[in-house]
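Colleague: I have a new model open and would like to go through it with you. Could you walk me through the fold?

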Amino acid sequence: MSEVAFAENDRAVFSCSKCSKSKITDVSKYILSDSEVKLKYKCACGNTNKVILERRRNNRQSTSFTGVYTIYDKNSEASKGLITICNISLTGLRFKVEGRPNLSLYSKIRIEFKLNGKQRISKKGIIKNSMGNYYGIEFCEKDKFDKTIKYFITSKKGITAFTHRILM
Ligand SMILES: [Zn+2]
């Protein structure tokens, strides 16, 4: 038997595979773990359940920081401009450009901004999607899972939507 459930914030709802009784568990310490999380818990009925926590791959945090982009791709026209960072995740971000920029998909781009107006962040990435003046970029491998950004995301609320399933 396999079950799927939803949880809000840093809590997941587990339901026993034998008696269906549910249990709310604080799973905040696992939220940004990079590896698969397997948990075991014992229900009041005595049944031991095995659970895999399924987390959203990219927990995004909404922002409105001002920043600068620089296109440094050999195949694209070099350009630079002001942007607003709309949201940030551990693997990428989304920004808005004013005016009519000439940005192409898959261009290499550098984004610089100050996190909370303090810590200077500089990230390289690739433009993965666009809609109107909005662009989504994925950080290059070495710029993913930045500790400063991780701290920024975890210190905010509203990022943790969990699902889980009971192991067969
Ligand atoms: Zn039970």
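**Strands, cores and confidence**

Modeller: Let me start with one residue pair: Ala 12 has Thr 25, in β3, as its bridge partner. Keep in mind that this is a predicted model.

Colleague: Which strand pairs with β3, and over how many bridges?

Modeller: Strand β2, residues 11–15, pairs with strand β3, residues 22–26, in the antiparallel sense over 5 bridges. The two form a hairpin with 6 residues between them. In the turn, Ser 20 has a positive phi of about 70 degrees.

Colleague: Which face of β2 is covered and which is uncovered?

Modeller: Ala 12 and Phe 14 make up the covered face of β2, while Arg 11, Val 13 and Ser 15 make up the uncovered one. As a general point, side chains in a regular strand alternate between the two faces of the sheet.

Colleague: Now the whole protein. How many helices and strands are there?

Modeller: The protein has 1 helix and 12 strands. Along the sequence the pattern is β-β-β-β-β-β-β-β-β-β-β-α-β.

Colleague: Which strands make the closed barrel?

Modeller: The closed barrel has 6 strands in the order β6-β7-β8-β11-β10-β9, with antiparallel pairing. On average, neighbouring strands of this sheet are turned by 45 degrees against each other, direction ignored.

Colleague: What joins β6 to β7?

Modeller: 9 bridges join β6, residues 61–71, to β7, residues 79–88, and the two run antiparallel. Two of the residue pairs are easy to find: Phe 65 stands opposite Ile 85, and Gly 67 stands opposite Ile 83.

Colleague: And how many bridges pair β6 with β9?

Modeller: β6 pairs with β9, residues 108–115, over 5 bridges, again in the antiparallel sense. Gly 67 takes part here too, with Phe 113 as its bridge partner in β9.

Colleague: What about the inside? Which residues touch the most other members of the largest nonpolar core?

Modeller: They are Tyr 69, Ile 85, Leu 93, Phe 95, Ile 109, Ile 111 and Ile 137, in a core of 16 residues. The elements giving two or more residues to this core are β6, β7, β8, β9, β11 and α1. Apart from it lies another core of 5 residues, including Phe 14, Val 27, Val 51 and Leu 53. In soluble globular proteins, nonpolar side chains tend to be buried together.

Colleague: Take Ile 109. Which residues does it touch?

Modeller: Not counting residues up to four places away in sequence, Ile 109 touches Tyr 69, Thr 70, Ile 71, Gly 125, Ile 127 and Ile 137.

Colleague: What share of the protein counts as buried?

Modeller: Of the 168 residues, 20% count as buried. Leu 90, in the loop between β7 and β8, is buried because it has 21 other C-beta atoms within 10 Å, and the cut-off is 20 or more. The C-alpha atoms of Leu 90 and Phe 152 are separated by 9.9 Å, although the two residues are 62 apart along the chain.

Colleague: Back to loops. What is the phi of Asn 116?

Modeller: Asn 116 has a positive phi of about 55 degrees, although it is not a glycine. Most residues other than glycine have a negative phi. Asn 116 lies in the loop between β9 and β10.

Colleague: Why does Asn 116 count as exposed?

Modeller: Asn 116 has 9 C-beta neighbours inside 10 Å, and 12 or fewer makes a residue exposed. Phe 145 is another non-glycine residue with a positive phi of about 55 degrees. Phe 145 is found in the loop between β11 and α1, and is partly exposed because 13 other C-beta atoms lie within 10 Å.

Colleague: Last topic, confidence. Which element has the lowest mean pLDDT, and which the highest?

Modeller: Strand β12, residues 162–166, has the lowest mean pLDDT at 43, and β9 has the highest at 95. Over residues 1–7 the pLDDT is below 50, and it stays under 50 over residues 157–168 as well. Where pLDDT is low, the predicted coordinates should not be read in detail.

Colleague: And what is the average?

Modeller: The protein averages a pLDDT of 80, and 82% of the residues score at least 70.

Conventions: Residues numbered from 1 in each chain as written. Pairing = 2+ DSSP bridges. Helix = DSSP H or I, 4+ residues; strand = E, 2+ residues; numbered from the N terminus. Axes fitted to C-alpha atoms, helices over the stretch in contact; angles between N-to-C directions. Core = buried A, V, L, I, M, F, W, Y, C linked by C-beta atoms within 7 Å. Contact = placed C-beta atoms within 7 Å. pLDDT = per-residue confidence, 0-100.
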